[in-house]
Amino acid sequence: MSDRQFLQQAVSLAEENVQAGGRPFGAVVVREGKVVATGVNQMLELHDPTAHAELMALRQAGKALNRVKLDDCIVYASGQPCPMCLAAMRMAGVSRVVYGYSNQDAEPFGLSTAEIAKALRVAPEQQLGFKFEQLRPNDAPRSALYQMWWEQQK
């Protein structure tokens, strides 16, 4: 299948989700030319602000492939991925994303995430309307938790 066909599958998922009462977002994860996972936005259904189509598809792909690194996968999304989804894709190693509708297309309908993306370009402690602070655990050495994890990896 071609990029256009995989993208159309993501858009079709989004359309089906709208018909079911959901938000207009769908995603498809492809590896070696085959669909390994799909997802639709389930924020309203699950009462979960992180249940974006791309994240649902990434979760499913991780389970299907039995791994967290998806560096050999491509994500096709009906809409331009938000910063949260982009961060998750980057953390999973995804290096290619193809999307259909842009933030500019979504803006008249209140679905654009361009303002959030803009705010995130500023250091967290300098973002307006957001408090970002570090509070170290009592009496814990600086990296104790991470050291504990590191030792378990050996």
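## The order of the elements

Reading from the N terminus, the elements of the protein chain follow the order α-β-β-α-α-β-α-β-α-α-α. That makes seven helices and four strands in the protein chain. Keep in mind that this is a predicted model.

How many residues does the protein chain have, and what share of them is buried? There are 154 residues, and buried ones make up 31%. Along the principal axes, the C-alpha atoms fill a box of roughly 55 × 40 × 25 Å. If you take the contacts with a separation of 6 or more, 45% of them are accounted for by residues 24 or more positions apart.

## Two strands and the helix that links them

Let's follow one stretch of the chain. Strand β4, residues 96-101, pairs with β3 in the parallel sense, and five bridges join the two. The chain gets from β3 to β4 by way of α4, a β-α-β crossover that is right-handed. You can also pick out one facing pair here: Ile-74 stands opposite Arg-96 in β4.

Which residues of α4 are buried? They are Pro-83, Cys-85, Met-89 and Ala-92. An α-helix has 3.6 residues a turn, so residues three or four places apart point the same way. The buried residues of α4 pack against two helices, α3 (53-65) and α6 (114-119), as well as against β3 and β4. Just after α4 comes Gly-93, with a positive phi of about 90°.

## The largest pocket

Rolling a probe the size of a water molecule over the atoms shows where empty space is left. In this model, the largest pocket holds about 570 Å³ of space. Its lining has 31 residues, and those nearest the centre are Arg-23, Phe-25, Gln-80, Ala-106 and Leu-111.

Which element gives the largest share of this lining? It is α1, with four residues. The elements that each supply at least two residues are α1 (3-19), β3 (73-79), α4 (83-92) and α5 (103-106). So β3 and α4, which you met in the crossover, both turn up again in the lining of the largest pocket. By class, that lining divides into 17 nonpolar, 10 polar and four charged residues.

## The second largest pocket

The second largest pocket has about 180 Å³ of space. Lining this pocket are Gln-134, Leu-135, Arg-136, Pro-137, Ala-140, Pro-141, Arg-142, Ala-144, Leu-145 and Tyr-146. Seven of these lining residues are nonpolar, one is polar and two are charged.

Methods
Residues are numbered from 1 along each chain as its sequence is written. This is a predicted model: local features need pLDDT of at least 70, side-chain atom pairs count only at pLDDT 80 or more; totals for chains, interfaces and linings use all residues. Side-chain values use heavy atoms; hydrogens and water are left out. On a 1 Å grid over the protein atoms alone, a cavity is a set of points where a 1.4 Å probe fits but cannot get out, and a pocket is an open set with protein on both sides within 12 Å along at least five of seven lines; lining residues have an atom within 4 Å of a point. Grid points are joined across faces, edges and corners, and a volume is the space filled by probe spheres set on the points. Ala, Val, Leu, Ile, Met, Phe, Trp, Tyr, Cys and Pro count as nonpolar, Asp, Glu, Lys and Arg as charged, and the others, Gly among them, as polar. Two strands pair if DSSP finds at least two bridges between them. A crossover is right-handed if, with the strands pointing away from the viewer, the path from the first strand over the helix to the second runs clockwise. Buried means under 20% relative accessible area, exposed over 50%, partly exposed in between (1.4 Å probe, protein chains only). Contact means heavy atoms within 4.5 Å.
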